[in-house]
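Let's take a walk through this two-part model and see how its pieces sit together. Have the coordinates open as you read.

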Amino acid sequence: MEHLSPIVIIGGVKFDLAAIFMIVLTSILAFVLARLSVRNLSVENPGKLQNFMEWVVEFVSNIIGMATDFKRGRVYLTLGLTLIVYIFIGNMLGLPFNIITEAHHGHATFLGMELFMDGKEEAEFAWWKSPTADAAMTMALALTVIVLSHIQGLRHNRKHYLKHYFEPWPFFFPINLIETLAKPLTLGLRLYGNIYAGEVMISVIMGMGFIGIPALLVWQGFSIFVGAIQAFVFTMLTMVYIGQASIHEEDH
Amino acid sequence: MSFNWTSFLIQIVAFGILYLLLSKFAFKPLFGIMEKRRQLVKEQIDGAEKSRADAERFLEEQKQALQQARKEAYDIIETAKTTGAKQADEIVQAARNEANRLKEEALRDIESEKNKAIASLRAQVSGLSVLIASKIIEKQIDEQTQAELVDQYLQEVGTKS
């Protein structure tokens, strides 16, 4: 049975409580992790968390260095760090467990608010999922960075940015336009697809009962791997797109 | 799959807020610390490099000073040697000159004494011979001898004029 999202309708607008909850939780966790790592900052004797966070910083710096020129891409370091930390924590959050409430007799409430049940009599609400296992959230992230890349392209590299739509010949414009439109779609949907598929797979394996425990262990391990890879890929592609649009290479 | 626009907007806002918070409260101090460490490492490397160069320079200076001192010592010894030799020569020369001078003086004195002695002797001899001559003449002169003497003087006068 498919799990419903706990949705309340306020003034005709649907609010996905689970999504909002997970967004806030992931953001808080990311912030707390970052704050803990800079709690006792030290030049000569960094703590374990500070070391870890500095490793992350170096890692993202390398990503930027690979995608573009690090000197000019340095301003996007914080963006890359926020992305990778947020997406990684988000990917990991959905793995360990799920919280499901059951609703009967056609209605359920949360803090006095009526949950939207799509006209069904019985439903199960999933309260715990990765924020990245929702297309709305991944597309939000993808559009944010793509829009940012276009703005930065127009601001810092206007001539080459506008010219690249008509290269190598002017009649390539439609193709270039499609490519531009495809970028945010692929960026957001890749992340969503990977994480959502992982969670669907987990719920499928859960349906197998006790026999599924070894498979679940293997799949959870693989999901950690996929989650890390997807966080890396998303950050990498963000830097590549921003670099393509806004940082003009001197040699072409 | 349902696309929930509220979640979409909330995610954008939440990400923006997270970005600002992380940037302000976490990454800014962290970057500062990392930059500081980079500076520290750079400073230490520079310091090490500088002290190495200093050490090399000092060593070179020491070597040169030692060389200089050695050269000076050698020069001093050389000068002393030449000065000593020269002084010895001078002393010997002076002594020799003095000796020559004394010898010459002595010779001159002897000569003058001798001359004086000869002169006085001569004076005495002539006086004595006059005396002796007059005594002999007083005793022995006679007519004949006187005539002979007169003749002889006359002859002499005749040949000389």
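Buried here means under 20% relative accessible area, exposed means over 50%, and partly exposed is in between. Keep in mind that this is a predicted model.

With that cut-off in hand, start at Glu54(A). Its relative accessible area is 7%, so Glu54(A) counts as buried. The residue lies in helix α2 of chain A, which spans residues 48–67. What does Glu54(A) touch? Setting aside residues up to four places away in sequence, the list is Leu30(B), Ile33(B), Met34(B) and Arg37(B).

Thr78(A) tells a similar kind of story. This residue belongs to helix α4 of chain A, and with a relative accessible area of 10% it is buried. Again not counting residues up to four places away, Thr78(A) touches Tyr19(B), Ser23(B), Phe27(B) and Phe31(B).

Then there's Ile28(A), found in helix α1 of chain A. Is Ile28(A) buried or partly exposed? At 46% relative accessibility, Ile28(A) is partly exposed. Its C-alpha atom is separated by 31 Å from that of Lys71(A), a residue 43 places away along the chain.

Here are those three side by side:

| Residue | Relative accessible area | State |
|---|---|---|
| Glu54(A) | 7% | buried |
| Thr78(A) | 10% | buried |
| Ile28(A) | 46% | partly exposed |

Now for the nonpolar interior. The largest nonpolar core has 48 residues, and the members that touch the most others are Leu83(A), Ile87(A), Leu187(A) and Phe234(A). Helices from both chains feed into this core: α1 (17–37), α2, α4 (77–93), α5 (135–156), α7 (173–206) and α8 (213–246) of chain A, plus α1 (5–140) of chain B, each supply at least two residues. Which helix gives the largest share of this core? That would be α4(A), with ten residues. As for Ile87(A), leaving aside neighbours within four places in sequence, its contacts are Thr132(A), Leu141(A), Leu191(A), Ala231(A) and Phe234(A).

Stepping back to chain A as a whole, you'll find eight helices and six strands. Reading from the N terminus, the elements go β-β-α-α-α-α-β-β-β-β-α-α-α-α. Of the 252 residues in chain A, 45% count as buried. Take the contacts in chain A between residues at least 6 apart in sequence, and 71% of them join residues at least 24 apart. Chain A exposes about 13,300 Å², with carbon and sulfur atoms supplying 68% of that area.

On to chain B, which has two helices and zero strands. Its radius of gyration is 64 Å, well over the 15 Å that the globule rule gives for 161 residues, so chain B is more spread out than a compact globule. Along the principal axes, the C-alpha atoms of chain B fill a box of roughly 200 × 35 × 20 Å. Buried residues make up 9% of the 161 in this chain. Chain B exposes about 13,600 Å², and carbon and sulfur atoms supply 62% of that.

Last, a word on charge. Chain B carries 24 positive and 25 negative side chains. How far apart do the centres of the two sets lie? The centres of the positive and negative sets in chain B are 19 Å apart.

Definitions and conventions. Residues numbered from 1 in each chain as written. Chains lettered and ligands numbered in written order. Predicted model: local features only at pLDDT ≥ 70, side-chain atom pairs only at ≥ 80, totals over all residues. Heavy atoms only, no water. Helix = DSSP H or I, 4+ residues; strand = E, 2+ residues; numbered from the N terminus. Rg over C-alpha atoms; globule rule 2.2 N^0.38 Å. Buried < 20%, exposed > 50% of the residue type's maximum accessible area, 1.4 Å probe, protein only. Areas by Shrake-Rupley, 256 points an atom, 1.4 Å probe, with all protein chains shown as cover. Lys, Arg positive; Asp, Glu negative; His and termini not counted. Charge placed at Lys NZ, Arg CZ, Asp CG, Glu CD. Contact = heavy atoms within 4.5 Å. Core = buried A, V, L, I, M, F, W, Y, C linked by side-chain atoms within 4.5 Å.
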